[in-house]
Amino acid sequence: MALIVLAADKGAPGVTTAATALGAVWPRPVLLAECDPSGGDLAYRLPAQDGGVLNPGRGLLSLGAVARRGLHPDHIYEHTQKLVGGLDVLTGLTHGEQAGGLTWLWGPLGRSLATLPHADVLADCGRLGGHAQIGDLIAEAAQVVLFTRPSLDHVAHLRERLALLDSRPVVVVIADPRSYRASVEEVRRIVAPWDVAFVAGLAHDPKGAELLRGQWGGRLDRSLLIRTARELAGRLAALISPEEPAGQRADQSGARR
């Protein structure tokens, strides 16, 4: 359906947490793919659907081992797992050194994720700039989403990244709830000279992020993280498929709106 790249320019401020939260409330079928060449940590951070641990050897690494013979979108689900709550995930590399042998993979992977049938793909690409080859995957995305903190150094790096991108990214400010609206508006003002699709916010909510590590429940559903993630997910889904309303179906987590 559509590939959405989630990334940041400096320090990857909460991109993995944001990606997981968005996947949990995405209004259509979705796959969360860890595509950070520096390595992923979902296998160590979140439990599998049965409450056990995810297999770090099954995911991008196992996919790369067979993809040299050709990569088709139908192959992707042979290497995915399910998180607690039912979210499909393609776990990433276990450490950055593995990326050295997979520099050829990012373009074919991007094309396969972009044409995955029956599901959108949220690709957590971590921090941009460290691995040039990830640009081959990003080039296949229907939408790029850049995350930033509202601090001066993070916004300065964001501006530099905006100057390098050819696409119209979405900018998401990970903001303290106490200054949420002011932070989002300030970043919106700063990036106004660039052609961005829109500027939105996501609550910096450590308690909500911690709840993501366990079973979905009412406390998580009411958290600021999930409430702001649901609003952001709706806007992103409408942006990439404006002819298809987000609808009111059950979230991937099993919780209803």
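# Exercises on pockets, cavities, cysteines and the sheet

By class, eight nonpolar, two polar and six charged residues form the lining of the largest pocket. The model behind these exercises is predicted.

**Exercise 1.** Describe the largest pocket by volume, central residues and contributing elements.

Solution.
- Step 1. The largest pocket holds about 380 Å³ of space.
- Step 2. It is lined by 16 residues, and those closest to the centre are Tyr180, Arg181, Gly201, Thr228 and Glu231.
- Step 3. Two or more lining residues come from each of α7 (180-190), β8 (198-203) and α10 (224-240).
- Step 4. The biggest contribution to this lining is that of α10, with six residues.

**Exercise 2.** Describe the second largest pocket in the corresponding terms.

Solution.
- Step 1. The volume of the second largest pocket is about 210 Å³.
- Step 2. Its lining has 13 residues, with Ile138, Val144, Leu165, Asp166 and Ser167 closest to the centre.
- Step 3. At least two lining residues are supplied by each of α5 (134-138), β6 (143-148) and α6 (152-164).
- Step 4. Sorted by class, the lining of the second largest pocket has seven nonpolar, three polar and three charged residues.

**Exercise 3.** State how many cavities of 30 Å³ or more the structure holds, then describe the lining of the second largest cavity.

Solution.
- Step 1. There are three cavities of 30 Å³ or more.
- Step 2. The second largest cavity contains about 40 Å³ of space.
- Step 3. Residues lining the second largest cavity include Glu34, Asp41, Tyr44, Pro56 and Thr91.
- Step 4. Helix α2 (residues 42-45) provides the largest share of this lining, three residues.
- Step 5. The lining of the second largest cavity divides into five nonpolar, four polar and two charged residues.

**Exercise 4.** Determine whether Cys35 and Cys125 are in a disulfide, and whether each is buried or exposed.

Solution.
- Step 1. A disulfide requires two cysteine sulfur atoms within 2.5 Å.
- Step 2. For Cys35, the nearest cysteine sulfur is that of Cys125, 5.2 Å away, and Cys35 is in no disulfide.
- Step 3. Cys125 is likewise in no disulfide, its nearest cysteine sulfur being that of Cys35.
- Step 4. The total for the structure is zero disulfides.
- Step 5. The cut-off for buried is under 20% relative accessible area.
- Step 6. Cys35 counts as buried because its relative accessibility is 0%.
- Step 7. Cys125 has a relative accessible area of 1%, so Cys125 is buried.

**Exercise 5.** Give the strand order of the eight-stranded sheet, identify its edges and describe how β2 is joined to β4.

Solution.
- Step 1. The sheet is open, its pairing is mixed, and the order of its strands is β3-β4-β2-β5-β1-β6-β7-β8.
- Step 2. β3 (81-82) and β8 pair on one side only, which makes them the edge strands.
- Step 3. Strands β2 (residues 30-34) and β4 (residues 88-90) run parallel and are joined by three bridges.
- Step 4. Opposite Leu32 stands Val89 in β4.

**Exercise 6.** Summarise the protein chain by secondary structure, burial and contact separation.

Solution.
- Step 1. The chain has 10 helices and eight strands.
- Step 2. Of its 257 residues, 53% are buried.
- Step 3. Among contacts with a separation of 6 or more, 78% are between residues 24 or more positions apart.

Conventions
Residues are numbered from 1 along each chain as its sequence is written. This is a predicted model: local features need pLDDT of at least 70, side-chain atom pairs count only at pLDDT 80 or more; totals for chains, interfaces and linings use all residues. Side-chain values use heavy atoms; hydrogens and water are left out. On a 1 Å grid over the protein atoms alone, a cavity is a set of points where a 1.4 Å probe fits but cannot get out, and a pocket is an open set with protein on both sides within 12 Å along at least five of seven lines; lining residues have an atom within 4 Å of a point. Grid points are joined across faces, edges and corners, and a volume is the space filled by probe spheres set on the points. Helices (H or I, at least four residues) and strands (E, at least two) are DSSP runs, numbered from the N terminus. Ala, Val, Leu, Ile, Met, Phe, Trp, Tyr, Cys and Pro count as nonpolar, Asp, Glu, Lys and Arg as charged, and the others, Gly among them, as polar. Buried means under 20% relative accessible area, exposed over 50%, partly exposed in between (1.4 Å probe, protein chains only). Two strands pair if DSSP finds at least two bridges between them. Contact means heavy atoms within 4.5 Å.
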